[in-house]
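Below are some notes on the model, set out point by point. Please read them with the structure open.

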Amino acid sequence: MHILYLLPKLVNAGPSNVVATIISHPAMQAHDITIATFLGKDDSHDNLLSKQHINYLSLGGVNFRAIRRLVAYIKAKNIEVVHSHGLIPDIVSALIAIWVPSLRVSTVHCDIKQDYAMEYPRLKAKLYTSLHFLALQFIPNRAVVSKSVQSTLPFSSQIVRNGVPQQTTENILNEQSPSTETPGLTLVFAGRLIKRKNVQFLIDCVTRFNQHHQQTLSLHIYGEGELESALKKTQSAHINFLGFNDSFAAQMPSNAIFANPSLAEGLPMAVIELLAHGVPCILSNIEPHQEIADCMDVGVALFDFDYDSFASAINQLSTSALLIDVDRSLLSTRFAKSLSDKQMVDGYLALYQPPTIKNASVESSVQLHSTDKFKE
């Protein structure tokens, strides 16, 4: 099968990492794969692009010339599936249906309306939301990463949860450097330092926790973003800003919990990656995190946006001496079933088949849902 993945830019984040995980799976080696981007790439996935069955196409911007180049490439390479991710790729995918018959698939990674409202000024957010919904109506195979994202769409979609390769607990502990070890329990956050990620709440809770307990709670923050300068004013002996680091998982202290206080998410890859390593997580009580907790039922604790709930979540995963108290073997078993890369790849391979020949046994890994009207 000839498959083209269409991205705004190939970087070490979100949708790019989902695509990288999909095409890295052994089941995809039998297919001829192209990654096409409008805005180029960084060097984070160069090792992947060097593989023989994977091609890279830089379209050179967002313009009509880029669209013509994309259409010509799809025709020349007999691309059978175009899988788009994001606003611009989805709009272009909808447009090129006029010229190419390729089966088109889109993955919606977030609550579009809410995410755009937090990311852009009001009028621009409304425009982008309308354009994205319009484009998606012309893409016949729509995948969403969670039930909560599915509920925000005014048309049918199929759930294909994000997944990552599963690691063993021993692997991640063996990778750690002694210099990363910190006395007491360590919380780790990794992500963009923006309003939606709600990092200030996390900092405030850690500060208050240390004021009320004799044990030390440290916070390691990995990431960059528009709020970085303001947040760094809170830096202290127990709150450390460590910048962007794509290998932060390998630097997790052995007595660590991953924390995600986000106000909104699709299905956060950072959380899934840490669970793949057997690292327990405390997560804000939003629908995507509730879905992860339902899948796992071990190693995950939810908290509301108040200090007492936050402290309770820590207590659920640790002893009174603030040592991790989680059955990592059971965590690993639950992860393999619900959040592994295999279940994600099986779900997308089902979507890549023409409707008349879909494999029913594979199709069971995705779920169909439709709504009559948009839910405000």
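1. A polar contact is a pair of N or O atoms within 3.5 Å, where one must be able to donate a hydrogen and the other to accept it. The side chains of Ser84 and Asp90 make such a contact, at 2.6 Å. Bear in mind that this is a predicted model.

2. Where does Ser84 lie? It belongs to strand β4, which covers residues 81-85. Ser84 is buried, its relative accessible area being 0%; the cut-off for buried is under 20%. Leaving aside residues up to four places away in sequence, Ser84 touches Leu6, Pro89, Asp90, Ser93, Val105, Ser106, Thr107 and Ile139. Asp90, the partner in the polar contact, is thus listed among the residues touched.

3. Turning to the sheet: 6 strands form an open sheet with parallel pairing, in the order β10-β9-β8-β11-β12-β13. The edges are β10 (239-241) and β13 (300-303); each has a single partner strand, so one side of each is left without a neighbour in the sheet. On average, neighbouring strands of this sheet are turned by 25° against each other, direction ignored. Strands of a sheet pair through backbone hydrogen bonds.

4. Is β9 enclosed or open to the outside? Of its 6 residues, 6 are buried, so β9 is largely enclosed by the rest of the structure. In a regular strand the side chains alternate between the two faces of the sheet. Both faces of β9 are covered: one side carries Leu217, Leu219 and Ile221, the other Ser218, His220 and Tyr222, and all are buried.

5. Which strands pair with β9? β8 does, in the parallel sense over 6 bridges, and β10 also runs parallel to β9, joined by 3 bridges. Leu219 of β9 has a bridge partner on each of these strands: Leu187 and, in β10, Ile239.

6. Elsewhere in the sheet, β11 (residues 256-260) and β12 (residues 281-284) pair in the parallel sense over 3 bridges. Phe258 stands opposite Cys281 in β12.

7. Two helices deserve a look. Helix α12 (residues 287-296) lies across β11, β12 and β13, and runs at about 150° to β13. Helix α13 (residues 307-317) packs on the sheet, where it touches β8 (185-190), β9 (217-222), β11, β12 and β13. The direction of α13 makes about 170° with that of β13.

Definitions and conventions:
Residues are numbered from 1 along each chain as its sequence is written. This is a predicted model: local features need pLDDT of at least 70, side-chain atom pairs count only at pLDDT 80 or more; totals for chains, interfaces and linings use all residues. Side-chain values use heavy atoms; hydrogens and water are left out. Helices (H or I, at least four residues) and strands (E, at least two) are DSSP runs, numbered from the N terminus. Buried means under 20% relative accessible area, exposed over 50%, partly exposed in between (1.4 Å probe, protein chains only). Contact means heavy atoms within 4.5 Å. Two strands pair if DSSP finds at least two bridges between them. Axes are lines fitted to C-alpha atoms, for helices over the stretch in contact, and angles run from 0 to 180 degrees between N-to-C directions.
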